[in-house]
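Work through the exercises below with the sequence and the structure open. Each task is followed by a solution in steps.

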Amino acid sequence: MSAVEHLQELHGLPAFDFPSGDLSALPAPESVAWRISVDPYGDDDRPFGEAWESFTGAVDLSRVRALIIGQWGEAYDNDSRLVVDLLVAAADRLTALEAVFLADITPEEQEISWIEQSDVTPVLAAYPGLVELGVRGGTGLRFPAVRHTRLRKLTFEAGGLPGEVVRGVGACELPALESLEMWLGVSEYGGDATVADLAPLLASGRFPALRHLGLRNSEIQDEIAAAVAGAPVVAQLESLDLSMGVLTDAGAEALLGGQPLTHLRRLDLHHNYFSDEMSARLSDALEGAGVELDVSERGDEWQDGDGDVQRYTAVAE
């Protein structure tokens, strides 16, 4: 199963593709997460603006709770400013909107690194009642520091998340934030965040309501694990996710030797490069204390022509 797939639900609501044809049998506006998308290479090759106009003309926007934005055209030629501008312009009509996901695009449509993003924070400014925001794609993504009092869940999925975005999030005031997830990715695709960039996120007090932290899909996963092992924020968490990256025995050793993790309900370390011995040690230390532990999906590693060991994150290009 690919780590990058179409959303099946958002904000607890099932995803529903707004049709390009017959609009006579639409569900109740508040009952689904509406996915608006076009296919520049298929049957629905109209401009995204036309699809958006059709949606806003057919659905009572005052009752819409969740929106999923799929392809808005050839995303590698057209960044997400078009979509951001349309969302901002409709804020006075989308008065019940609580959740937005930008760029629900799969590799079959466009690789994650091809998705051209932009500054997505105007969406937060336009929707003070938003409680969930998700973004896929790191190329061109900007997220300067903002203050938002209602946002509870913030997710970034990328093959390379810019350090500028990580620093921006770390400078935000998000007092209601309960879940933060970042796919940090690899430097080849713009993932240049360092452990130092993560420091504000790992400190106590920055996000007092935070209960889930995901720092995933990183080529520096061992360094992140070592930083997390002594991070004050861990004491307030219920779940921690360091999966999908290049996590080896060294990172796991740092976790075992750091602060206790037995208060966690769940620790996700899937897609790792552990030895059998290390997997057993983690299981003995944590599952016996009631922690739901995932150490599945060992990654493939090999030696290149120079004798260097090569390992990969779950998602890059």
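**Exercise 1. The sheet**

Task: give the order of the twelve strands in the open sheet and name the edge strands.

Solution. Step 1: the twelve strands are ordered β1-β2-β3-β4-β5-β6-β7-β8-β9-β10-β11-β12, and their pairing is mixed. Two strands pair if DSSP finds at least two bridges between them. Strands (E, at least two residues) and helices (H or I, at least four) are DSSP runs, numbered from the N terminus.

Step 2: β1 (9-10) and β12 (292-294) each pair on one side only, which makes them the edge strands.

Step 3: β1 runs antiparallel to β2 (residues 13-17), and two bridges join them. Leu 10 is opposite Leu 13 in β2.

A note on the source: this is a predicted model, in which local features need pLDDT of at least 70 and side-chain atom pairs count only at pLDDT 80 or more, while totals for chains, interfaces and linings use all residues. Residues are numbered from 1 along each chain as its sequence is written, and side-chain values use heavy atoms, with hydrogens and water left out.

**Exercise 2. Strand β8**

Task: find how many residues of β8 are buried, and which way they point.

Solution. Step 1: seven of the seven residues of β8 are buried, where buried means under 20% relative accessible area, exposed over 50%, and partly exposed in between (1.4 Å probe, protein chains only).

Step 2: Ser 179, Glu 181, Trp 183 and Gly 185 point one way, and Leu 180, Met 182 and Leu 184 point the other way.

Step 3: β7 (residues 153-157) runs parallel to β8 and is joined to it by four bridges. Thr 155 has Glu 181 of β8 as its bridge partner.

Step 4: helix α6 (residues 221-229) lies across β8 (179-185), β9 (212-218) and β10 (239-241), at about 155° to β9. Axes are lines fitted to C-alpha atoms, for helices over the stretch in contact, and angles run from 0 to 180 degrees between N-to-C directions.

**Exercise 3. Two helix pairs**

Task: describe how α6 packs with α7, and then how α4 and α5 cross.

Solution. Step 1: the axes of α6 and α7 are 8 Å apart, at an angle of about 5°. α6 is therefore roughly parallel to α7; angles under 35 degrees count as roughly parallel, over 145 as roughly antiparallel, 65 to 115 as roughly perpendicular and the rest as oblique.

Step 2: Asp 222, Ala 225, Ala 226, Val 228 and Ala 229 of α6 meet Ala 250, Gly 251, Ala 254 and Leu 255 of α7. Contact means heavy atoms within 4.5 Å.

Step 3: the axes of α4 (residues 163-170) and α5 (residues 195-202) come within 8 Å and cross at roughly 20°, so these helices are roughly parallel to each other.

**Exercise 4. Thr 248 and Arg 281**

Task: is Thr 248 buried or exposed, and what does Arg 281 touch?

Solution. Step 1: Thr 248 sits in the loop between β10 and α7 (249-257). Thr 248 has a relative accessible area of 12%, so it is buried.

Step 2: apart from neighbours within four places in sequence, Thr 248 contacts Asp 222, Tyr 273, Phe 274 and Arg 311.

Step 3: Arg 281 belongs to helix α8 (residues 276-286). Its relative accessible area is 34%, so Arg 281 is partly exposed.

Step 4: not counting residues up to four places away in sequence, Arg 281 touches Glu 253 and Leu 256.
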